[in-house]
Amino acid sequence: MKKTIIDLFESSVEKFGAKPFLLEKTTGEFEPTTYAETREIALTTGAGLVALGIEPKQAVSILAEGCNNWILSELGLLYAGAISVPLSIKLGEANDLLFRLIHGDVKYIMVSGTQLKKIRSIKDQLTLVEKVIVFDEQKEYEDKEIALNDVLNLGDEFLKTHTMEEFLSVGRSIQNDDYATITYTSGTTADPKGVVLTHRNY
């Protein structure tokens, strides 16, 4: 039976659409985002990633603190058929972060504003990286950087010229044994190892 992360999320949206899925404190109080709202934002994010050029089975890293955008972005990239390479904010940019991004063949990085300086300090060595998507608005953007809001705008435009069913077919085409994430070990005694988890594993 096919049961991927996307399949599971879609079935949860059907069951619990109006119920809160995410909670985040943005204005002093926790504000809910429902399952249905989460799906809508994730789909728009995924469509924006496709518009940027992300293709199925490409590696996309997320370097950020725990936040709604982390969840929404990972769902979005999975809808786009990509593979998530999550990175700990505790990683130092000089060796640990650089190794994982190069070893994982990462072409797109999604990063919070507070972690952006790490990526900027090693970007000249990240020759494969095509875009750095920044969660938080910045006063200035450097080469290859783009705001997450701009990605969402690209997603809106993409979905005006492509049917939702056409876009959803990408996520729905994922199979149980397709890669979902590549998570790296700590590498305390040797180079970190990329641990592959498939949709079936989850």
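In the predicted model, helix α1, spanning residues 5–16, packs against helix α2, spanning residues 35–52, at an angle of about 140°, and the two axes lie 8 Å apart. Since angles over 145 degrees would be needed for a roughly antiparallel arrangement, α1 and α2 are therefore classed as oblique to each other. The contact is formed on the α1 side by Phe9, Glu10, Ser12, Val13 and Phe16, which meet Tyr35, Ala36, Thr38 and Arg39 of α2. By residue class, this contact of α1 with α2 comprises 5 nonpolar, 2 polar and 2 charged residues.

Helix α2 also packs against helix α7, here at an angle of about 85° and with the axes 11 Å apart. An angle from 65 to 115 degrees counts as roughly perpendicular, and α2 and α7 are therefore roughly perpendicular to each other. On the α2 side of this contact are Arg39, Leu43, Gly46, Ala47 and Val50, whereas α7 contributes Met164, Phe167, Leu168 and Arg172. The residues of the contact of α2 with α7 divide into 6 nonpolar, 1 polar and 2 charged. Arg39 thus appears in the contact of α2 with α1 and also in the contact of α2 with α7.

The length of α2 was compared with the span expected for a helix of its residue count. At 1.5 Å a residue, the 18 residues of α2 should span 26 Å, and the end C-alpha atoms of the helix are 26 Å apart, in agreement with that expectation. Buried positions in α2 include Tyr35 and Thr38 towards the beginning of the list, then Ala42, Leu43, Thr44, Thr45, Gly46, Ala47, Gly48 and Leu49, together with Leu52. Of the buried residues of α2, Tyr35 and Thr38 take part in the contact with α1, while Leu43, Gly46 and Ala47 take part in the contact with α7. The helix is followed by Gly53, for which phi is positive, near 125°.

Thr45, which lies in helix α2, has a relative accessibility of 3% and therefore counts as buried, the cut-off for that class being under 20%. When neighbours within four places in sequence are left aside, Thr45 is in contact with Leu72, Ser73, Gly76, Met110, Val151 and Leu152.

Charged pairs were examined next, and the count of salt bridges comes to 10. One of them joins Arg172 and Glu10, with a nitrogen-to-oxygen distance of 3.7 Å between the side chains. This pair links distant parts of the chain, Arg172 lying in helix α7 (residues 164–172) and Glu10 in helix α1, with their positions 162 residues apart in sequence. The two partners fall into separate accessibility classes: Arg172, at 36% relative accessibility, counts as partly exposed, whereas Glu10, at 13%, counts as buried. Arg172 also forms a salt bridge with Glu165, the N to O distance being 3.2 Å, and Glu165 counts as exposed at 52% relative accessibility. Through salt bridges that share partners, Glu10, Arg39, Glu165 and Arg172 are joined into one network. Among the members of this network, Glu10 and Arg39 belong to the contact of α1 with α2, and Arg39 and Arg172 belong to the contact of α2 with α7. A further salt bridge pairs Lys2 with Asp7, the closest N and O atoms being 3.0 Å apart, and Lys2 is partly exposed, with a relative accessible area of 32%.

Two further residues were considered individually. Tyr184 lies in strand β8, which covers residues 179–184, and counts as buried at 12% relative accessibility. Apart from neighbours within four places in sequence, Tyr184 is in contact with Val85, Phe99, Arg100, His103, Gly104, Pro192, Lys193 and Gly194. The C-alpha atoms of Tyr184 and Phe16 are separated by 33 Å, the two residues being 168 residues apart along the chain; Phe16 is one of the α1 residues that meet α2. Asn95, by contrast, is found in helix α4, which covers residues 93–103, and is exposed, with a relative accessible area of 58%. Between Asn95 and Ile122, 27 residues apart along the chain, the C-alpha separation is 9.6 Å.

Conventions. Residues are numbered from 1 along each chain as its sequence is written. This is a predicted model: local features need pLDDT of at least 70, side-chain atom pairs count only at pLDDT 80 or more; totals for chains, interfaces and linings use all residues. Side-chain values use heavy atoms; hydrogens and water are left out. Axes are lines fitted to C-alpha atoms, for helices over the stretch in contact, and angles run from 0 to 180 degrees between N-to-C directions. Helices (H or I, at least four residues) and strands (E, at least two) are DSSP runs, numbered from the N terminus. Angles under 35 degrees count as roughly parallel, over 145 as roughly antiparallel, 65 to 115 as roughly perpendicular and the rest as oblique. Contact means heavy atoms within 4.5 Å. Ala, Val, Leu, Ile, Met, Phe, Trp, Tyr, Cys and Pro count as nonpolar, Asp, Glu, Lys and Arg as charged, and the others, Gly among them, as polar. A salt bridge is a side-chain nitrogen of Lys or Arg within 4 Å of a carboxyl oxygen of Asp or Glu. Buried means under 20% relative accessible area, exposed over 50%, partly exposed in between (1.4 Å probe, protein chains only). The expected span of a helix is 1.5 Å times one less than its number of residues.
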